[in-house]
Amino acid sequence: MKPTIRLQIPAAVSGRCRIEAEFYDESEGIEITSGLVDDGSVAVKSIDPGDYATYQATVSQSGAYRLYIRAATTRECGKLDVYIDNIKKTAVTITSTGSWSTYQTFDGSWLNLTAGTHTIKLVDSQSNYNLN
């Protein structure tokens, strides 16, 4: 089983790197709110085209990592571009979840990462949604 990157919770657990959306290092146009997530946690809300957030991730072992994005939106189609060390690696399509507080996990793609610290940048290129 290959390790996974989930942009959700900051911790290295069983070969997985999880980053909670609101724990960004740098951002533009990002708002944090509470009350939009069923478990009471906070979320990044109202991400508009051009908004971005960057995260630092330390990879202990080189390999292929799976990317997942947890998002909520009432819009039919959104797109989140994913950059690793300033190189666009993939785009994740985000479709309507029926509510701004109903989150679903969207499957990204496999990312080949070398051991070391990397900058992950998420850039909204289409539509409007919340991230958790």
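**Contacts, burial and strand pairing**

Reader: Which residues does K79 touch, not counting residues up to four places away in sequence?

Author: In this predicted model, K79 touches A91, V92, T93, V123, D124, S125, Q126 and Y129, once residues up to four places away in sequence are set aside. Each of these counts as a contact because heavy atoms of the two residues lie within 4.5 Å. K79 itself lies in strand β9, and its C-alpha atom is separated by 5.8 Å from that of I94, although the two residues are 15 apart along the chain.

Reader: Why does K79 count as partly exposed?

Author: The relative accessibility of K79 is 29%, and a residue is called buried under 20% and exposed over 50%. The value for K79 falls between these two limits, and therefore K79 counts as partly exposed.

Reader: What makes T54 buried or exposed?

Author: T54, which lies in strand β7, has a relative accessible area of 8%. Since the limit for a buried residue is under 20%, T54 is therefore buried. Leaving aside its neighbours within four places in sequence, T54 is in contact with Y24, D25, E26, T119, I120 and K121, and K121 is also the bridge partner of T54 in β12.

Reader: How do you know that strand β7 and strand β12 are joined?

Author: Two strands pair if there are at least two bridges between them, and eight bridges join β7 (residues 52-59) to β12 (residues 116-126), so the requirement is met. These two strands run antiparallel, and A57 stands opposite H118 in β12. Strand β9 (residues 77-84) also pairs with β12 in the antiparallel sense, here over six bridges, and the bridge partner of D81 in β12 is V123.

Reader: In what order do the five strands of the open sheet stand, and why is one side of β4 and of β10 left without a neighbour?

Author: The order is β4-β7-β12-β9-β10, with antiparallel pairing. Strands β4 (26-28) and β10 (87-95) stand at the edges and have a single partner strand each, which means that one side of each has no neighbour in the sheet. Neighbouring strands of this sheet are turned by 25 degrees against each other on average, direction ignored.

Reader: What makes the charged end of K121 sit over the ring of Y52?

Author: The charged end of K121 is 4.3 Å from the centre of the Y52 ring. The distance limit is within 6 Å of the ring centre, so the value of 4.3 Å satisfies that part of the criterion.

Reader: Which residues of the largest nonpolar core touch the most other members?

Author: Of its 25 residues, I69, I120 and L131 touch the most other members. Strands β6 (42-47), β7, β8 (63-73), β9, β10, β11 (99-113), β12 and β13 (129-131) each supply at least two residues of this core. Not counting residues up to four places away in sequence, I120 touches I19, A53, T54, Y55, A57, V82, Y83 and I84.

Reader: How many helices and strands does the secondary structure of the protein chain come to, and what percentage of its residues count as buried?

Author: The protein chain has zero helices and 13 strands, and 42% of its 132 residues count as buried. Among contacts between residues at least 6 apart in sequence, 68% join residues at least 24 apart. The structure holds zero aromatic pairs.

Conventions
Residues are numbered from 1 along each chain as its sequence is written. This is a predicted model: local features need pLDDT of at least 70, side-chain atom pairs count only at pLDDT 80 or more; totals for chains, interfaces and linings use all residues. Side-chain values use heavy atoms; hydrogens and water are left out. Helices (H or I, at least four residues) and strands (E, at least two) are DSSP runs, numbered from the N terminus. Axes are lines fitted to C-alpha atoms, for helices over the stretch in contact, and angles run from 0 to 180 degrees between N-to-C directions. A nonpolar core is a set of buried Ala, Val, Leu, Ile, Met, Phe, Trp, Tyr and Cys residues joined through side-chain atoms within 4.5 Å. Buried means under 20% relative accessible area, exposed over 50%, partly exposed in between (1.4 Å probe, protein chains only). Rings of Phe, Tyr and Trp (its six-membered ring) pair if their centres lie within 6.5 Å; planes under 30 degrees apart count as stacked, over 60 as edge-to-face and the rest as tilted. A charge sits over a ring if NZ of Lys or CZ of Arg is within 6 Å of the ring centre and within 35 degrees of the ring normal.
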